[in-house]
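Visitor: I have a chain open here and would like to go through it. Start with the terms, please.

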Amino acid sequence: YKAPREFNWVIGVVLLTLTLLLSFTGYLLPWDQLSMWAVAVGTNMMGYTPVFGSQVRFVAVGTNMMGYTPVFGSQVRFVLLGGVEIGSETLLRWYVLHVLMLPFVIVIFMAIHFWRVRKDGGISGPL
């Protein structure tokens, strides 16, 4: 994390995050009850992120005391699930993420990481 390797450290943190995403996307692939709940919790968390997700929208259908019913969801959650609920579209999307997209991005970041290690003079500096 010290000069001149700050950028390489950031690339390493991005690689760690991508590895965690790879393990999370692989968690749905057994398609059992535990993985369904994990995906439900993960996509609901993404639906509540401050920038990407919309916390709560209110629709006027008159089911609660204020005359509005809360509709939980966001476009990010819809894209991750492939619909409004977990189904076969979710399995297909997360499989493609796990097998194609995330490994492709990881290989690109690994190439940048290894190139930066060589460019910065190896793993350790001079004694």
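Guide: Helices and strands are DSSP runs numbered from the N terminus, with H or I over at least four residues for a helix and E over at least two for a strand. This is a predicted model, in which local features need pLDDT of at least 70 and side-chain atom pairs count only at pLDDT 80 or more, while totals for chains, interfaces and linings use all residues. Residues are numbered from 1 along each chain as its sequence is written, and side-chain values use heavy atoms, leaving out hydrogens and water.

Visitor: OK. What follows α4, and what is its phi?

Guide: Gly121 follows α4, and its phi is positive, near 100°. Gly121 lies in the segment after that helix.

Visitor: Is Gly121 buried or exposed?

Guide: Exposed, because its relative accessibility is 52%. The classes are buried under 20% relative accessible area, exposed over 50% and partly exposed in between, using a 1.4 Å probe and protein chains only.

Visitor: How far is Gly121 from Pro4 in space?

Guide: Their C-alpha atoms are 9.7 Å apart, although the two residues are 117 apart in sequence. Pro4 belongs to the segment before α1, and the bond joining Ala3 to Pro4 is a cis peptide bond with omega of about 0°.

Visitor: Which residue other than glycine has a positive phi near 60°?

Guide: Trp31 does. Most residues other than glycine have a negative phi, and most peptide bonds are trans. Trp31 sits in the loop between α1 and α2, and counts as partly exposed because its relative accessibility is 32%.

Visitor: And Pro30, where is that?

Guide: Pro30 is in the loop between α1 and α2 too. Pro30 is exposed because its relative accessible area is 57%. From Pro30 to Leu91 is 61 residues along the chain, with 9.5 Å between the C-alpha atoms.

Visitor: Step back. How many helices and strands are there?

Guide: The protein chain has 4 helices and 2 strands, in the order α-α-β-β-α-α along the sequence. Of its 127 residues, 24% count as buried. Among contacts (heavy atoms within 4.5 Å) at a separation of 6 or more, 56% are between residues 24 or more positions apart.

Visitor: Back to α4. How many residues does α4 have?

Guide: α4 has 32 residues and reaches 45 Å from first C-alpha to last, close to the 46 Å expected at 1.5 Å a residue. The expected span is 1.5 Å times one less than the number of residues.

Visitor: Where does α4 bend?

Guide: At Leu97, by about 40°. The bend is the angle between axes fitted to the seven residues ending at a residue and the seven starting there.

Visitor: Which residues of α4 are buried?

Guide: Thr90, Trp94, Leu102, Ile106, His113 and Arg116. They pack against α1, α2 and α3.

Visitor: Why does the span of α2 agree with what is expected?

Guide: Its 15 residues should span 21 Å at 1.5 Å a residue, and its end C-alpha atoms are 21 Å apart, so the two agree. The buried residues of α2 are Ser35, Ala38, Val39, Ala40, Gly42, Thr43 and Gly47, and they pack against α1, α3 and α4.

Visitor: What is Ala38 in contact with, beyond four places in sequence?

Guide: Phe24 and Tyr27. Ala38 and Leu28 are 10 residues apart in sequence, with 7.7 Å from C-alpha to C-alpha.

Visitor: Now pockets. What volume has the largest pocket?

Guide: About 320 Å³. Leu21, Phe24, Met46, Leu80 and Trp94 are the closest to its centre among the 13 residues that line it. On a 1 Å grid over the protein atoms alone, a pocket is an open set of points where a 1.4 Å probe fits, with protein on both sides within 12 Å along at least five of seven lines, and lining residues have an atom within 4 Å of a point. Points are joined across faces, edges and corners, and the volume is the space filled by probe spheres set on them.

Visitor: Which element gives the largest share of that lining?

Guide: α2, with 4 residues. By type, the lining divides into 9 nonpolar, 4 polar and no charged residues. Nonpolar covers Ala, Val, Leu, Ile, Met, Phe, Trp, Tyr, Cys and Pro, charged covers Asp, Glu, Lys and Arg, and the others, Gly among them, are polar.
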